[in-house]
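This briefing introduces a single protein chain to a reader who is new to structural description. Please look over the sequence and the structure before reading the points that follow.

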Amino acid sequence: MTIKFSNNGSSLGTRSRGQMLRLLIENSLDKDDFVTFDFSDVVSVSHSFADECFGKLLINRSLDEIKSQTTFINTSDNIKKIIGFTLKER
């Protein structure tokens, strides 16, 4: 499954949007689907969005499990830093 984040806007900043996408991700991972996160045309993400969407995945899964079942494409350096920082905080 590929999630095209730009379908939700070019600037992603709310926890509610992050939660909606996290639930989609969790459902796919529960089915053992491989998930591709496509950030083409996304300019920015907030820390709160990244925490809700990606950080909270670590509540029920290990980082190694997430890494083995997902990949990021078309992700800017800034977005990578925000998501990386969020995962390290958890």
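The points below concern aromatic pairs, the core, two helices, one buried threonine and two loop residues. The model is predicted, and every value is computed from it. A search of the whole structure finds 9 aromatic pairs. Phe 5 and Phe 54 form one aromatic pair, which is tilted, with 5.9 Å centre to centre and 35° between the planes.

**Aromatic pairs**

- A pair of aromatic rings is described by the distance of the centres and the angle of the planes.
- The pair of Phe 5 and Phe 54 links distant parts of the chain, 49 residues apart. Phe 5 is in the loop between strand S1 (2-4) and strand S2 (11-12), whereas Phe 54 is in the loop between helix H2 (47-53) and helix H3 (63-69).
- Both Phe 5 and Phe 54 are buried.
- Another tilted aromatic pair is formed by Phe 37 and Phe 72, with 4.8 Å centre to centre and 50° between the planes.
- Phe 37 belongs to strand S3 (residues 35-38) and Phe 72 to strand S5 (residues 70-73), so this pair ties together parts that are 35 residues apart in sequence.
- The two partners are described by different terms: Phe 37 has a relative accessible area of 1% and is buried, while Phe 72, at 34% relative accessibility, counts as partly exposed. Buried means under 20% and exposed means over 50%, so the value of Phe 72 falls in between.
- Ring pairs join Phe 5, Phe 37, Phe 39, Phe 49, Phe 54 and Phe 72 into a cluster.

**The nonpolar core**

- The largest nonpolar core has 20 residues. Those that touch the most other members are Phe 5, Ile 25, Phe 37, Phe 39, Val 45 and Phe 54.
- Two or more residues of this core come from each of H1, S3, H2 and helix H4 (77-89).
- Which residues are in contact with Phe 37, leaving aside its neighbours within four places in sequence? They are Ile 3, Phe 5, Ile 25, Phe 54, Thr 70, Thr 71, Phe 72 and Ile 73.

**Helix H1**

- Helix H1 (residues 15-30) has 16 residues, and the distance from its first C-alpha to its last is 22 Å, close to the 22 Å expected at 1.5 Å a residue.
- The residues Gly 18, Leu 21, Arg 22, Ile 25, Glu 26, Ser 28 and Leu 29 of H1 are buried.
- Seen down the axis of H1, the buried residues fall within an arc of 160°, so they line one face of the helix.
- An α-helix has 3.6 residues a turn, so residues three or four places apart point the same way.
- Ser 16 and Asp 30 are exposed on the other side of H1.
- The elements that cover the buried residues of H1 include S1, S3, H2, H3 and S5.

**Helix H4**

- H4 has 13 residues and reaches 18 Å from its first C-alpha to its last, close to the 18 Å expected at 1.5 Å a residue.
- Its buried residues are Ile 79, Ile 82, Ile 83 and Thr 86.
- Viewed down the axis of H4, these residues fall within an arc of 90°, so they line one face of the helix.
- Asp 77, Lys 81 and Lys 88 are exposed residues on the face of H4 turned away from its buried side.
- The buried residues of H4 pack against strand S4 (44-45), H2 and S5.

**Thr 70 in strand S5**

- Is Thr 70 buried or exposed? Thr 70, which lies in strand S5, is buried, with a relative accessible area of 9%.
- A polar atom of the Thr 70 side chain lies 2.7 Å from the backbone oxygen of Ile 66.
- Not counting residues up to four places away in sequence, Thr 70 touches Leu 29, Phe 34, Val 35 and Phe 37.

**Two loop residues with positive phi**

- Most residues other than glycine have a negative phi.
- Asp 32 is not a glycine, yet has a positive phi of about 60°. Asp 32 comes just after H1, in the loop between H1 and S3, and is exposed, with a relative accessible area of 66%.
- Asp 41 is likewise not a glycine and has a positive phi of about 70°. The position of Asp 41 is in the loop between S3 and S4, and at 61% relative accessibility Asp 41 counts as exposed.

Key. Residues numbered from 1 in each chain as written. Predicted model: local features only at pLDDT ≥ 70, side-chain atom pairs only at ≥ 80, totals over all residues. Heavy atoms only, no water. Phe/Tyr/Trp six-rings, centres within 6.5 Å; stacked < 30°, edge-to-face > 60°. Helix = DSSP H or I, 4+ residues; strand = E, 2+ residues; numbered from the N terminus. Buried < 20%, exposed > 50% of the residue type's maximum accessible area, 1.4 Å probe, protein only. Expected span 1.5 Å × (residues − 1). Arc of directions from axis to C-beta. Contact = heavy atoms within 4.5 Å. Core = buried A, V, L, I, M, F, W, Y, C linked by side-chain atoms within 4.5 Å. Polar contact = N/O pair within 3.5 Å; in protein donor to acceptor, adjacent residues only side chain to side chain.
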